[in-house]
Amino acid sequence: MSKERTFIAIKPDGVQRGLIGEILNRFERKGFKLVALKQLIPSKALAEQHYGVHKDRPFFGGLVNFITSGPVVAMVWEGDEVISSARKIIGSTKPVEAEPGTIRGDLAINIGRNVIHGSDSPQTAEFEIQLWFQSSELNEWTPTDQIWRVEN
Ligand code: DAT
Ligand code: MG
């Protein structure tokens, strides 16, 4: 098991629909540790860097407009294999393919309004965390019940 950090963001549709608490709860009850959280309206430059890998796709312009259209809740979560585990909690990119029980499976209908982002690899996680957060915004702390979630 390797301890990792991942970047998670509730997109403007999730914020507008009042789903922040519902979404945070799923990561909290799983046992992951929240190490950073803030709400911001992303700049166009930030959005374009974040989704840079998709810059040649036809949906890129609409995606950047959408993600900059209102507040986003940006977070860093930490725990054993949190990167792949969070992707499972989130579900498939296309909500129609996302299993019931996942965030997108339960809370979204449309690929362009799929409520949440999660890093897809260790490299992406490292890039996205430094893109969205200053290192001083990442908190080192130990939950008092940590021994009940992880061995040693
Ligand atoms: P994910 O968010 O699951 O990592 P991705 O990285 O392939 O998915 O795409 C980033 C976002 O872009 C995705 O959450 C929604 C949007 N998107 C992807 N494919 C799309 C498409 N074919 N049409 C419209 N939006 C799309
Ligand atoms: Mg992606």
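**View 1. Val 115 in the loop that leads to strand S4.** In this predicted model, Val 115 has its place in the loop between helix H6 (103-107) and S4. The phi angle of Val 115 is near 60 degrees, which is a positive value in a residue other than glycine. How buried or exposed is Val 115? With a relative accessibility of 0%, Val 115 counts as buried, because residues under 20% are placed in that class.

**View 2. Glu 81 in the loop that follows strand S3.** Glu 81 is found in the loop between S3 and helix H5 (82-90), and its phi angle, near 50 degrees, is again a positive value in a residue other than glycine. The relative accessibility of Glu 81 is 36%, so this residue counts as partly exposed.

**View 3. The open sheet and the order of its strands.** The sheet is an open one, built from 4 strands in the order S2-S3-S1-S4, and the pairing is antiparallel. Strand S2 (33-40) and strand S4 (116-118) are the edge strands, each of them pairing on one side only. On average, and with direction ignored, neighbouring strands of this sheet are turned by 20 degrees against each other. As background for the views that follow, strands of a sheet pair through backbone hydrogen bonds, and they may do so in a parallel or an antiparallel way.

**View 4. Strand S3 and its two partners.** Which strands pair with S3, and over how many bridges? On one hand, S1 and S3 pair in the antiparallel sense over 8 bridges, with Thr 6 standing opposite Trp 77 in S3. On the other hand, S2 and S3 pair in the antiparallel sense over 7 bridges, and here the bridge partner of Lys 38 in S3 is Ala 74. Of the 9 residues of S3, 8 are buried, so this strand is largely enclosed by the rest of the structure.

**View 5. Strand S1 beside strand S4, with helix H2 across the sheet.** Strand S1 (residues 3-10) is joined to S4 by 3 bridges, and the two strands run antiparallel. Within this pairing, Ala 9 stands opposite His 117 in S4. Helix H2 (residues 20-30) lies across S1, S2, strand S3 (72-80) and S4, and runs at about 10 degrees to S3.

**View 6. Gly 118 in strand S4.** Gly 118, which is found in strand S4, has a relative accessibility of 3% and therefore counts as buried. Leaving aside residues up to four places away in sequence, Gly 118 touches Phe 7, Ile 8, Arg 87 and Ile 90. Gly 118 and Leu 46 are 72 residues apart in sequence, and their C-alpha atoms are 16 Å apart in space.

**View 7. Lys 38 in strand S2.** Lys 38 lies in strand S2 and touches Val 72, Val 73, Ala 74, Trp 132, Phe 133 and Glu 137, when residues up to four places away in sequence are not counted. One of these contacts, Val 72, is 34 residues from Lys 38 along the chain, and the C-alpha atoms of the two are separated by 8.3 Å. Is Lys 38 buried, exposed or partly exposed? At 21% relative accessibility, Lys 38 counts as partly exposed, because buried means under 20% and exposed means over 50%.

**View 8. The largest pocket and its lining.** The largest pocket holds about 590 Å³ of space. Its lining is made by 26 residues, of which Tyr 51, His 54, Phe 59, Leu 63 and Thr 93 lie nearest the centre. Helix H4 (60-67), S4 and helix H7 (122-132) are the elements that give two or more residues to this lining. By class, the lining of the largest pocket divides into 8 nonpolar, 11 polar and 7 charged residues.

**View 9. The second largest pocket and its lining.** The volume of the second largest pocket is about 400 Å³. Among the 17 residues that line the second largest pocket, Gly 31, Phe 32, Gly 79, Asp 80 and Val 150 are the closest to its centre. Which element gives the most to this lining? That element is S3, with 3 residues. Sorted by class, the residues lining the second largest pocket are 4 nonpolar, 5 polar and 8 charged.

How values were computed: Residues numbered from 1 in each chain as written. Chains lettered and ligands numbered in written order. Predicted model: local features only at pLDDT ≥ 70, side-chain atom pairs only at ≥ 80, totals over all residues. Heavy atoms only, no water. Pairing = 2+ DSSP bridges. Axes fitted to C-alpha atoms, helices over the stretch in contact; angles between N-to-C directions. Contact = heavy atoms within 4.5 Å. 1 Å grid on protein atoms, 1.4 Å probe; cavity = no way out; pocket = protein on both sides within 12 Å on 5 of 7 lines; lining within 4 Å. Points joined across faces, edges and corners; volume = space filled by probe spheres on them. Nonpolar A, V, L, I, M, F, W, Y, C, P; charged D, E, K, R; others polar. Buried < 20%, exposed > 50% of the residue type's maximum accessible area, 1.4 Å probe, protein only.
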